Amino acid sequence: MRILLTAALLAGTAALTPAFAETAPAPILTTPEARDVWTHAEPEVARVTHVALDLDVDFTAKTLSGSAVLDILAAPGARQVVLDVNDMDISAVTDAAGKPLKWALGPKDTANADIGSALTVQLAGATKIRIVYRSKPGATALQWLPPEMTFGKKKSFLFSQGQAILNRSWVPTQDSPGIRQTWEATLRVPGDMVAVMSAEKLSGDKGEALPDGRRQFRFRMDKPVPPYLIAFAVGDLKFKSLGPRSGVWTEAPMLDKAAREFVDVEKMIDAASKLYGPYRWGRYDMLVLPPAFPYGGMENPMLTFLTPTIVTGDRSNTDVVAHELAHSWSGNLVTNATWSDSWLNEGFTTYFENRIMESLYGKEQAATYADLDWDVLQREIAAGGGQTGAATRLNGEPGAGEVDYTKGSNFLRMIEYTVGRDKWDAYLTSYFDRHAFQPQTTAGFLADLRERLLKDQPDLELKLQLDRWSYGAGLPDNAVRVRSATLARVDEKLAAFNAGGAAAAVQPKGWTTQEWLRFLNGIDRKQTPGRLKELDGALGLSASGNAYIQSAWFELAIANRYDPAVPYLRAYLSRIGRGLLVYPLYKGLMKQGDWGTSKARDFFAEARPTYHPSTAAGIARIVAPEAPQE
């Protein structure tokens, strides 16, 4: 039987170190729907409130080694704390005075390898525990890049990617989004490298020189965050300021390009703050990673991680920056308590992102993004089983998919259109403020919505269909489609091409990435080799410098077994590690019988060392001989 923490204990500060005493621990939600099936932790009994890391970064061994000191807040009579670890070497566990504590490592989860094992420590009255450990070269959160996979081609690179539950491969803590923790870290790295983290820098941009030639970097996050947001990178990094609160980190060859691309970030911060309340994190810096980074962006506080694929020279993909910035409110400030409610993170953020883009660039540009999202939503609903498919539910099995983004954002847009923007914006501002630095569930959000916005308005609540949106499959009939005049003009050219018009007549000069995607994704899937040759020759698709355009083109080429595109495809799959862009290509190849399956497996075998572990695992499931194809 679990021991429930009292309200006073949950809100107390007794277990906090003096440096963090001003920040009370975030509450632990104990309702049934807040139970996280992806953690071994029992936070109602004993929880982590603060993590202090002290680590050596070893590029030769591809390991992190050192210690983690955890502050523990335990219920009266609690004897043990249960942590999450995944495939790390633990050599000692002690209390703050160095007295050994009994500990045991449980078996590794067999259903989901990322869940790892339970590390159970007998507290013996301790409120701090120190774990001495070493990560392994295959740690799933870490990608160690050789020099040839970087922009500079001279020095190695290392970065972490924690979402959803990968940080337990290098941080022994309670790895659940509902268990928010403050943290600090000291990293020692080679003397010619720079370390950055998702936290306040305490040792300056260049760190502190050590007698052995290495450099030491210290960081602090004094706000309680979900542990998946603890992030770092080490490499030959340079910095360029973009304003009083912002700047960009990356390698020298990418620095000026990235700075030009993200020049509007200060305006974005202002627009977001005007919409839904003050930006509470101090700085908003960005880190542009090598192409192996598996996502478009990762909203690590104070230091968003970004893929270089969005640096296209025309600023048409800075919606990704707006998205990650919006996470500073939805996701980082108010976090889904479990991964079954990922839409509270991604759906809210996609909606917020669109509002930022509208504030800065006008209704038509925002409509372009929303119109494309509608296309994605329709594809995802169909792929997820249609109106009855369980995969189309917002509150469902853990794991964020595109439905969380597109259906979730459409849910919020529908509420805006129904209740009115002014009322909706006032509610959202209040929501973020009242739930700041706390976890949330779908049930909690709906209860708050009913109490604060819809109270005593049964007809309005009935019109909104809240429960159907949140818990039901498919797309409710009050969904809102936003149509873009810009994409309507593209649709005219698309219709002409599909009717047999010349590819040269398309005239895409000046098109944004979004216009290109509307056109390429709308081309009839069955094409002759001659027609594909004409298309590629007129539009330069195979050799495009835009990774989005190439991915969409390769999907079409694969669907028609177009051999001339294969050498370009092969090179692309070894160069780009972003899952959004490469997963569809492997899936497409696997649908093409012997022509495609052999290529998919050969290309993956060649490219696998260039992928982040999570991307490699996802592709491995796609190309496995028994993998079912959509």
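Begin by selecting Glu-266, which, leaving aside residues up to four places away in sequence, touches Leu-242, Gly-243, Pro-244, Arg-245 and Ser-246. The model on screen is a predicted one, and every stop on this tour should be read with that in mind. With Glu-266 still selected, display the side chain of Arg-245 as well, since a polar contact of 2.6 Å joins the side chains of these two residues. Colouring helix H3, which spans residues 265-276, will show the element in which Glu-266 is found. Is Glu-266 buried or exposed? Its relative accessibility is 12%, and because buried means under 20% relative accessible area, Glu-266 counts as buried.

From here, move to the sheet by selecting strand S16 (238-241) and strand S19 (297-298), which are the edge strands, each pairing on one side only. They belong to an open sheet of 5 strands with mixed pairing, whose order is S16-S17-S18-S20-S19. Reading across from S16, the next selection is strand S17 (residues 246-250), which runs antiparallel to S16 and is joined to it by 4 bridges. To see one of these pairings at the level of residues, pick Phe-239 and look across to S17, where its bridge partner is Trp-249.

Continue from S17 to S18, where the two strands pair in the parallel sense over 4 bridges. Here Gly-247 is the residue to pick, as it stands opposite Asp-285 in S18. Now select the whole of strand S18 (residues 284-288) and ask how many of its 5 residues are buried. The answer is 5 of the 5, so the strand is largely enclosed by the rest of the structure. Turning the view from one face to the other is worthwhile, because in a regular strand the side chains alternate between the two faces of the sheet. In S18 both faces are covered, with Tyr-284, Met-286 and Val-288 buried on one side and Asp-285 and Leu-287 buried on the other. The step from S18 to strand S20 (residues 303-306) is again a parallel pairing, over 4 bridges, and picking Met-286 leads to its bridge partner in S20, Thr-304.

For another enclosed strand, select strand S3 (residues 80-85), in which 5 of the 6 residues are buried, so that it too is largely enclosed by the rest of the structure. Adding strand S6 (residues 117-122) to the selection brings in an antiparallel partner, joined to S3 by 6 bridges. Within this pairing, Val-85 stands opposite Ser-117 in S6.

The next stops concern aromatic rings, of which the model holds 33 pairs. Select Trp-329 and Phe-352, which form an edge-to-face pair with 5.3 Å from centre to centre and 65° between the planes. This pair links distant parts of the chain, 23 residues apart, with Trp-329 in the loop between helix H4 (319-326) and strand S21 (334-336) and Phe-352 in helix H5 (residues 343-361). Trp-329 counts as buried at 1% relative accessibility, and Phe-352 is buried with a relative accessible area of 1%.

Then select Trp-343 and Phe-445, whose ring centres are 5.9 Å apart and whose planes stand at 75°, so the pair is edge-to-face. These residues also link distant parts of the chain, since Trp-343 lies in helix H5 and Phe-445 in helix H9 (residues 442-452), 102 residues apart. Trp-343 counts as buried at 0% relative accessibility, and Phe-445 counts as buried at 0% relative accessibility.

Finish at helix H14 (residues 529-539), where the residues to highlight are Arg-531, Leu-532, Leu-535, Asp-536 and Leu-539, which are buried. Looking down the axis of H14, these buried residues fall within an arc of 130°, so they line one face of the helix. What do they pack against? Showing helix H12 (485-498), helix H13 (513-522) and helix H15 (547-559) displays the elements against which the buried residues of H14 pack. On the other side of H14, Pro-529, Lys-533 and Gly-537 are exposed. Returning to Arg-531, display Phe-497 with it, as Arg-531 lies over the face of that ring, at 3.9 Å from the ring centre. The last residue to select is Gly-540, just after H14, which takes a positive phi of about 60°.

Key: Residues are numbered from 1 along each chain as its sequence is written. This is a predicted model: local features need pLDDT of at least 70, side-chain atom pairs count only at pLDDT 80 or more; totals for chains, interfaces and linings use all residues. Side-chain values use heavy atoms; hydrogens and water are left out. Rings of Phe, Tyr and Trp (its six-membered ring) pair if their centres lie within 6.5 Å; planes under 30 degrees apart count as stacked, over 60 as edge-to-face and the rest as tilted. Buried means under 20% relative accessible area, exposed over 50%, partly exposed in between (1.4 Å probe, protein chains only). A charge sits over a ring if NZ of Lys or CZ of Arg is within 6 Å of the ring centre and within 35 degrees of the ring normal. A polar contact is a pair of N or O atoms within 3.5 Å; within protein, one must be able to donate a hydrogen and the other to accept it, and residues adjacent in sequence count only if both atoms are side-chain atoms. Contact means heavy atoms within 4.5 Å. The arc is that of the directions from the helix axis to the C-beta atoms. Two strands pair if DSSP finds at least two bridges between them.
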